[in-house]
Amino acid sequence: PSLLYRLRHLRQEAYVFKLGIAFWEKFRNRSGRGQFFVLRENELVRETVAALLMRGYAVRRLALPKEGEAVDEDVDPGLSEKLRVALETRMEGLFSPSAHRALMTIAIERFEQNLKRYRACLARLTDWLPRSGIQGSKGILTNMILGPDHVALHRALRSNGIPVYGFQHGVTTEISTRQSRNVFIQEDTWSDCVYAFNDSMTAYCRHSGIGTDKCVTVGAPKVYRRLKTVSSSADDRKLWYISTTIYQGNAARLHRGLADPEQFRREADLLQSVFGRLPHDVIYKPYPAFRYVDEDPALEIAEQQRNIEVYRQGFDFRYLAGAARALVTAGATSTVSWCLMSGLPMVFLDDPDCMPLTPDARSAFEESVFLFDRSDDGFLDDLRQFLAQPHETLQSLWKEKAAARRRMIAQFISDPAPGAGARAADHILAMET
């Protein structure tokens with residue numbers, strides 16, 4: 001999108017964040033009220049930082065020392081054995097004996113490498129903290145903690161009485177059967193307090209039993225609500241298919257539950273048997289991830305359809321919602337929250353084999369959006385017939401679900417009260433007193 005179009009999406013908080021950070025980076029003196037640091041940012045972090053800046057606090061980016069060599073020491077065999085037993089329990093019967101042995105070896109080797117890296121980072125950060133300038137600060141604000149170095153940072157900060165305030169990355173864990181099982185990577189495991197979009201995520205963090213139980217619902221940042229106010233001419237809007245198909249390629253991941261050829265086959269079925277046979281135009285937005293040297297063959301299939309236009313510019317969906325008449329997406333990913341907060345009619349494709357909804361989320365989605373189950377007989381025909389209806393019919397059916405949708409959004413997407421960043425800042429400052 002043009003610069004003007006992007007500027008229309010920015011709110012006061014975005015300008016305050018950029019200018020405030022730049023000011024305090026240039027003038028290193030501390031504010032009389034105190035200072036905070038930012039490690040990794042997302043929309044909610046930026047909005048909260050803006051609220052702190054407006055109240056007179058200094059906020060700077062946290063620059064970590066360069067990573068050194070891992071500690072060259074043996075890992076306690078007892079730790080590796082405990083990991084082996086845990087993996088045996090989880091992986092039993094899932095793989096052939098040869099694959100099982102190979103995966104066990106890789107997992108234990110990776111664990112030992114990361115443990116050595118963590119120990120090296122912890123020693124380096126413990127030595128660095130006294131001269132870092134962050135001692136005496138009021139806390140660290142961050143999005144996702146990544147890798148052994150950030151885990152070591154959290155421990156070093158905690159040892160020095162510096163709290164880490166964690167901000168939800170996006171809506172996925174509370175609606176995804178797969179992601180909700182990954183208890184060791186959620187926000188509560190690396191924070192002293194978590195600021196969540198919704199009550200479902202707050203309950204998840206409080207009851208995980210892994211990390212902190214301090215979690216507060218503040219809502220989604222304002223950028224989510226901004227989607228409703230920036231739009232194109234109604235005559236120009238079309239049906240958009242927001243694809244979440246992500247091939248794994250050489251990423252060595254199994255989390256999607258489907259091999260790449262099967263993901264492609266299912267995507268091709270939708271393009272050829274559903275979208276390509278509709279009586280109106282469709283915009284196909286592929287997921288902006290590239291895992292192979294050659295182009296995704298689904299793009300060629302889409303371009304062969306007379307009524308499908310492939311969106312290749314790669315801009316974030318927040319800049320595109322205004323160009324849509326209705327949306328289709330699949331899988332329990334963060335894309336769902338962006339689609340729902342746009343206010344546009346949304347068709348959701350739930351696939352039990354790939355990123356399915358949790359039972360509670362599935363029940364709420366069935367009442368509040370247009371949900372189709374990929375495993376149902378006649379799935380493709382039913383979806384095509386539904387999408388072939390006039391837009392006015394879809395809009396009328398969508399309005400009938402409005403009350404149920406408000407309840408679902410409040411539970412699984414965002415607390416309805418505005419001002420998430422200000423609410424998070426209020427809570428942080430209240431914890432300081």
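1. A good place to start is the pairing of β5 with strand β6 (residues 215-217): the two run parallel over three bridges, where strands are DSSP runs (E, at least two residues) and helices likewise (H or I, at least four), numbered from the N terminus. Two strands count as paired if DSSP finds at least two bridges between them. Across this pair, Tyr195 stands opposite Val216 in β6. From β5 the chain passes through helix α7 (residues 199-207) to β6, a right-handed β-α-β crossover; that is, with the strands pointing away from the viewer, the path from the first strand over the helix to the second runs clockwise.

2. Please keep in mind that this is a predicted model, with local features needing pLDDT of at least 70 and side-chain atom pairs counting only at pLDDT 80 or more, while totals for chains, interfaces and linings use all residues. Residues are numbered from 1 along each chain as its sequence is written, and side-chain values use heavy atoms, without hydrogens and water.

3. On its other pairing, β5 is joined in parallel to strand β4 (residues 164-167) by three bridges, and Phe167 stands opposite Tyr195. Within β5 (residues 193-196), Cys193 and Tyr195 point one way, Val194 and Ala196 the other, and all are buried (under 20% relative accessible area, against over 50% for exposed and partly exposed in between; 1.4 Å probe, protein chains only).

4. Now for the whole sheet: six strands, paired in parallel, form an open sheet in the order β2-β1-β3-β4-β5-β6. Its edge strands are β2 (58-61) and β6, each pairing on one side only.
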